[in-house]
Amino acid sequence: MTFGSQEQPSLSAVRLMRTFGDGAQQKIALREVSVDMYPGQVALLMGPSGSGKSTLLAVLSGLLPPDSGQVLTHVSKSPAPVDIWALSQKEREEFRRAHVGFIFQGYNLFPALTASQQLEIVLKWGCNVGPRDARRQAEEMLERLGVISQRHKKPAELSGGEKQRVAIGRALVKNPTYLFADEPTSALDWENGQGVLQLLRDAAHDRNATIFIVSHDHRMLPFVDVCYQLEDGKLERQAADVATH
Ligand SMILES: Nc1ncnc2c1ncn2[C@@H]1O[C@H](COP(=O)(O)OP(=O)(O)OP(=O)(O)O)[C@@H](O)[C@H]1O
Ligand SMILES: [Mg+2]
């Protein structure tokens with residue numbers, strides 16, 4: 001699938017800069033990063049450890065403010081794009097609640113909730129779904145991820161791969177417009193990893209979601225529409241033949 005000039009991006013990063021610390025300790029995590037993301041597109045972001053991948057995901061998703069630059073979204077009713085970092089904090093939280101799914105590198109599950117409740121809470125409090133429907137939708141998603149038998153367990157009782165799949169389910173169950181996935185298959189064997197990739201591709205290609213995946217795994221390349229490389233905070237698009245399928 002190709003995406004390009006004739007189509008309107010769903011999210012655009014414009015010259016994002018982000019540094020951490022100052023003086024001799026200063027680390028430039030993002031150097032003028034610009035990228036256009038499209039509805040229905042699955043993008044893969046690769047790069048060495050410490051190159052700024054998680055930082056970029058956090059800035060694009062409204063979690064971490066950039067020092068400068070913009071993140072323009074087209075989901076609002078206004079015809080002009082909106083910079084999510086020019087919104088009030090309340091507006092940005094509302095944007096995230098309504099449109100953003102995020103799979104964290106460290107899962108970030110709630111310790112006190114069972115696998116099923118992790119998903120139900122997103123549907124009940126984030127999407128106004130009633131308790132019975134929330135339970136049904138949560139269980140359907142856990143079934144698709146192969147962890148339905150673990151639905152009554154809390155994170156401490158789950159394996160790493162099971163926790164990861166619950167975290168993926170929590171992000172996918174709300175059918176987000178944008179899905180950011182930081183190493184979503186790092187704890188999975190390749191068979192389960194492929195199943196997860198298929199779910200992410202379905203979200204993009206069937207529901208027009210915009211998907212941005214961080215991974216070190218080159219086996220993902222045939223499954224994605226575009227691939228970017230981040231090196232020391234600078235983003236480059238990989239040649240088309242690397243990322244076509
Ligand atoms: N909160 C922070 N405070 C200080 N430095 C930070 C902070 N977050 C990230 N950094 C630094 O910014 C750089 C980019 O970090 P980032 O987490 O984005 O890397 P990454 O590409 O996701 O790495 P990995 O593949 O290991 O997850 C690193 O040098 C890191 O040490
Ligand atoms: Mg990271």
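**Exercise 1.** In this predicted model, determine the handedness of the crossing of α3 and α5, and characterise the packing of the two helices by angle and axis distance.

*Solution.*
Step 1. The crossing of α3 and α5 is right-handed.
Step 2. Helix α3 spans residues 115–127 and helix α5 residues 160–172. Their axes lie 9 Å apart and enclose an angle of about 15°.
Step 3. Angles under 35 degrees count as roughly parallel, and therefore α3 is roughly parallel to α5.

**Exercise 2.** Identify which residues make the contact of α3 and α5, and classify them as nonpolar, polar or charged.

*Solution.*
Step 1. Helix α3 contributes Ala115, Gln118, Leu119 and Val122.
Step 2. From α5 come Val166, Gly169 and Arg170.
Step 3. The residues of this contact comprise four nonpolar, two polar and one charged.

**Exercise 3.** State how many aromatic pairs the structure holds, and analyse the pair formed by Phe212 and Tyr228.

*Solution.*
Step 1. There are five aromatic pairs in the structure.
Step 2. The ring centres of Phe212 and Tyr228 are 6.4 Å apart, and the ring planes stand at 45°, so this pair is tilted.
Step 3. Phe212 belongs to strand β8 (residues 210–214), whereas Tyr228 belongs to strand β9 (residues 226–231); the pair therefore ties together parts that are 16 residues apart in sequence.
Step 4. Phe212 and Tyr228 are both buried.

**Exercise 4.** Establish which residues are linked into a cluster by ring pairs.

*Solution.*
The cluster consists of Phe102, Phe104 and Phe180, linked by ring pairs.

Key:
Residues numbered from 1 in each chain as written. Chains lettered and ligands numbered in written order. Predicted model: local features only at pLDDT ≥ 70, side-chain atom pairs only at ≥ 80, totals over all residues. Heavy atoms only, no water. Axes fitted to C-alpha atoms, helices over the stretch in contact; angles between N-to-C directions. Helix = DSSP H or I, 4+ residues; strand = E, 2+ residues; numbered from the N terminus. Parallel < 35°, antiparallel > 145°, perpendicular 65-115°, else oblique. Left-handed = near helix turned anticlockwise from the far one by under 90°. Contact = heavy atoms within 4.5 Å. Nonpolar A, V, L, I, M, F, W, Y, C, P; charged D, E, K, R; others polar. Phe/Tyr/Trp six-rings, centres within 6.5 Å; stacked < 30°, edge-to-face > 60°. Buried < 20%, exposed > 50% of the residue type's maximum accessible area, 1.4 Å probe, protein only.
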